Amino acid sequence: MTGYAISLGFLAVVTIALIGLLVRRPESTGTLGGRILAFLALFVLPGLLLLGGAGRHYEQAKTTRFCLSCHVIQPYGESLHVDHARFLPASHYQNKRIPADRACYTCHTDYTMFGDFDDKVRGVKHVWHNFWGSASEPVELYEPYENRACLECHHGARSYEEQAVHAPFRAQLLRGEKSCLMCHNLVHEVSKLDRFRRWDPEATP
Amino acid sequence: MSLFRRLGLRPGLAGRLQLSGLLIAAGLGIEVATLYWNHPVSFFLFLCLGSLLAGAGMLLYLWSVVRRGE
């Protein structure tokens with residue numbers, strides 16, 4: 001639990017206490033001091049708390065723990081621990097090419113102007129579909145995976161630019177005419193996870 | 001019997017301020033409860049219930065203040 005969340009919780013409790021005073025004695029708003037108190041307790045503080053709470057939830061929703069707290073996604077989290085060099089999510093996660101605490105978000109956000117907002121809208125859609133049982137089985141992306149997420153990190157990186165095999169396709173990859181996943185095609189594979197060994201970081205000498 | 005009286009609220013402006021306070025307190029209560037729960041349902045509750053109640057309470061407060069000036 002962060003200091004930010006504790007501060008928000010404390011401020012919310014103080015605000016609720018002030019509101020309690022006003023609800024018990026609404027006639028106190030007859031004085032100037034009472035009116036200022038009402039403005040603070042019924043508008044300024046709740047407004048700040050809503051903004052602060054939205055920010056906290058927004059950041060919290062980017063964490064790997066958040067995504068994996070949903071049972072539907074747990075096998076996808078399991079796929080991060082597969083011991084196979086060509087397994088795309090696992091090799092990124094295990095080699096710290098993506099932050100471990102934001103593993104899902106880093107590869108599944110689209111890096112556009114309103115990408116973060118779109119992610120949250122998609123997240124609400126996930127919950128909605130899961131709640132009403134209309135989610136596809138197995139889970140599928142709403143749209144084909146875009147190269148933009150890969151190129152956000154790899155474009156301009158020596159390991160990508162100097163690979164001779166990338167050279168003929170570089171422009172097409174950039175325009176999204178060819179998908180990175182055409183070659184890097186071992187992704188999550190949740191239906192076949194039992195065929196792969198797991199990486200145990202504790203067992204590393 | 002009016003809704004306000006059934007809820008134990010006072011008539012007029014005082015009652016509207018009481019109702020606005022209750023809505024905001026309920027919204028903030030939900031916000032506090034969801035703040036420490038890292039789960040998609042908590043995000044959903046905050047968005048669809050907490051912020052809706054608190055927002056409605058804030059709007060009711062503003063509306064009450066404006067109406068008092070009429």
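I began with the term itself: helices are DSSP runs of at least four residues, numbered from the N terminus. With that in hand I looked through chain A of this predicted model, and I counted 10 helices and zero strands.

**Entry on the overall form of chain A.** I compared chain A with a compact globule of 205 residues, which would have a radius of gyration near 17 Å, and noted that chain A has 24 Å. I then looked up the extent of the C-alpha trace of chain A, which spans about 75 × 40 × 40 Å along its principal axes. Of the 205 residues in chain A, 20% are buried. When I took the contacts in chain A with a separation of 6 or more, I found that 63% of them join residues 24 or more positions apart.

**Entry on helix 1 of chain A.** I checked the length of this helix, residues 3–24, against what its 22 residues should span at 1.5 Å a residue: the expected value is 32 Å, and the end C-alpha atoms are 32 Å apart, so the two agree. Next I asked myself which residues of helix 1 of chain A are buried. I listed Leu8(A), Gly9(A), Ala12(A), Thr15(A), Ile16(A), Ile19(A) and Leu22(A). Looking down the axis of helix 1 of chain A, I saw that its buried residues fall within an arc of 140°, so they line one face of the helix. This made me recall that an α-helix has 3.6 residues a turn, so residues three or four places apart point the same way. On the face turned away from the buried side of helix 1 of chain A, I noted exposed residues, among them Ile6(A), Phe10(A) and Arg24(A).

**Entry on what covers that face.** I found that the cover over the buried residues of helix 1 of chain A includes helix 2 (32–60) of chain A together with helix 2 of chain B. As one case I followed Ile19(A), which, leaving aside neighbours within four places in sequence, is in contact with Ala41(A), Leu42(A), Gly21(B), Ile24(B) and Ala25(B).

**Entry on the nonpolar core.** I looked up the largest nonpolar core, which has 39 residues, and those with the most contacts inside it are Ile19(A), Leu42(A), Ile24(B) and Leu28(B). Helix 2 of chain B gives the largest share of this core, 10 residues.

**Entry on the contact between the chains.** I noted that the contact takes 33 residues from chain A and 27 residues from chain B. On the side of chain B that touches chain A, the largest share, 13 residues, comes from helix 2 of chain B. By class, I recorded 18 nonpolar, seven polar and two charged residues on that side of chain B.

Definitions and conventions:
Residues are numbered from 1 along each chain as its sequence is written. Chains are lettered from A and ligands numbered from 1 in the order in which they are written. This is a predicted model: local features need pLDDT of at least 70, side-chain atom pairs count only at pLDDT 80 or more; totals for chains, interfaces and linings use all residues. Helices (H or I, at least four residues) and strands (E, at least two) are DSSP runs, numbered from the N terminus. The radius of gyration is taken over C-alpha atoms; the globule rule is 2.2 Å times the number of residues to the power 0.38. A residue is buried if 20 or more other C-beta atoms lie within 10 Å of its own, exposed if 12 or fewer, and partly exposed in between; C-beta atoms are placed from the backbone. Two residues are in contact if their C-beta atoms, placed from the backbone, lie within 7 Å. Ala, Val, Leu, Ile, Met, Phe, Trp, Tyr, Cys and Pro count as nonpolar, Asp, Glu, Lys and Arg as charged, and the others, Gly among them, as polar. The expected span of a helix is 1.5 Å times one less than its number of residues. The arc is that of the directions from the helix axis to the C-beta atoms. A nonpolar core is a set of buried Ala, Val, Leu, Ile, Met, Phe, Trp, Tyr and Cys residues joined through C-beta atoms within 7 Å.
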